[in-house]
Amino acid sequence: GTGNGMISLLDFTIRYSYRGIVIQDDSILMLSNPYIDASDMDGVYIAPGVTGRISIEGGQIGYSGTFGCSNPSLYGNGISVGGGILSVKSVVICGNAGVGVKMASSSLNWALVSGCQFLANRVGMTMQGGYLVTGNICA
C-alpha cells in the first residue's frame with residue numbers, strides 16, 4: 001500500500017467526531033494516553049482488509065454512538081477492527097452504544113487486549129481472527 005509511515009500521538013483529546021482515529025492503509029500508529037470521546041460511529045476504526053498496525057496504551061475511549069449515531073447497534077463502537085494488527089493495553093473502554101472492542105473480520109492478523117477496563121458498553125467485546133485477551137476487567 002501507500003501508507004503514511006509511522007505516526008505517534010501522546011496525551012491528546014478527540015471529542016464529538018464522526019470517527020475519532022481511522023486507519024485505511026498500512027500506517028503504523030502509536031497512541032499513548034488518548035482521550036477519544038463521543039464519536040458518532042467509532043472511536044478508533046481500522047478499515048477491513050488493511051495491513052496497518054495500531055498500538056494504544058492508557059487513556060480512555062468512550063461514549064461512541066451516544067450522540068447522533070443513526071444505528072448504534074451496528075456502529076457506536078469504541079474500537080472497530082477490520083484488518084491489520086491491534087494492541088490495546090491499560091485503556092478504559094466505556095459507555096459505547098455498540099461494542100467496546102469489535103474485531104469485525106477474520107482478516108484481522110492479530111490483536112492483543114490486556115489490562116483494560118470495560119465499563120457500561122452495550123457489548124464488551126466481539127472477536128474474530130487471531131487474538132489474545134488477558135487481564136481485563138468487565139463491568
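How many disulfides does a search of the whole structure find? The count is zero, and the close-ups below, all drawn from a predicted model, start with the cysteines behind that result.

**View 1. Two cysteines that stay apart.** Here you're looking at Cys-116 and Cys-138. The sulfur of Cys-116 has its closest cysteine sulfur in Cys-138, but the gap is 9.4 Å, too far for a bond. A disulfide would need the two sulfur atoms within 2.5 Å. The pair also sits in contrasting surroundings: Cys-116 is buried, at 1% relative accessibility, whereas Cys-138 is exposed, at 60%.

**View 2. The whole protein, before zooming in again.** Step back for a moment and you'll find 15 strands and zero helices. The C-alpha trace spans about 35 × 30 × 30 Å along its principal axes. For 139 residues, a compact globule would have a radius of gyration near 14 Å, and the 13 Å of this protein agrees with that. Buried residues account for 47% of the 139.

**View 3. Strand β7 and its neighbours.** Strand β7 covers residues 77–81, and it is mostly covered, with five of its five residues buried. On one pairing, β7 meets strand β4 (residues 42–46) in the parallel sense, over four bridges. Look for Asp-42 here: its bridge partner in β7 is Asn-77. Strand β10 (residues 99–103) also runs parallel to β7, joined to it by three bridges. In that pairing, Ser-80 stands opposite Lys-102 of β10.

**View 4. A salt bridge at Asp-42.** Asp-42 turns up again, this time for its side chain, which meets that of Arg-19 in a salt bridge (2.8 Å, N to O). The two come from distant parts of the chain: Arg-19 belongs to strand β2 (residues 19–23) and Asp-42 to strand β4, 23 residues apart. Asp-42 is buried, with a relative accessible area of just 1%, while Arg-19 counts as partly exposed at 21%.

**View 5. Arg-15 meets Asp-37.** How many salt bridges turn up in a search of the whole structure? There are three, and this view shows the one between Arg-15 and Asp-37, whose closest N and O atoms are 2.7 Å apart. Arg-15 lies in strand β1 (residues 6–15) and Asp-37 in strand β3 (residues 28–37), so the pair ties together parts that are 22 residues apart in sequence. Arg-15 is partly exposed, with a relative accessible area of 42%, but Asp-37 is buried at 5%.

**View 6. Lys-89 meets Glu-57.** Another salt bridge joins Lys-89 and Glu-57, with 3.6 Å between the closest N and O atoms. Lys-89 sits in strand β8 (residues 84–89) and Glu-57 in strand β5 (residues 53–57), and the pair links distant parts of the chain, 32 residues apart. Lys-89 is partly exposed, at 30% relative accessible area, and Glu-57 is partly exposed too, at 40%.

**View 7. A nonpolar patch on the surface.** Which residues form this patch? They are Tyr-16, Tyr-63 and Phe-67, and together they offer about 350 Å² of accessible area. Tyr-63 lies in the loop between β6 (60–62) and β7, and it counts as partly exposed, at 36% relative accessibility.

**View 8. Asn-109 and Gly-129.** Find Asn-109 in strand β11 (residues 108–114), where it is partly exposed at 46% relative accessibility. Gly-129 is 20 residues away from Asn-109 in sequence, yet the two are 6.5 Å apart in space, C-alpha to C-alpha.

Conventions. Residues numbered from 1 in each chain as written. Predicted model: local features only at pLDDT ≥ 70, side-chain atom pairs only at ≥ 80, totals over all residues. Heavy atoms only, no water. Buried < 20%, exposed > 50% of the residue type's maximum accessible area, 1.4 Å probe, protein only. Patch = residues over 30% accessible without salt bridge, like charges linked within 9 Å, V, L, I, M, F, W, Y side chains within 5 Å. Areas by Shrake-Rupley, 256 points an atom, 1.4 Å probe, with all protein chains shown as cover. Salt bridge = Lys/Arg side-chain N within 4 Å of Asp/Glu carboxyl O. Pairing = 2+ DSSP bridges. Rg over C-alpha atoms; globule rule 2.2 N^0.38 Å.
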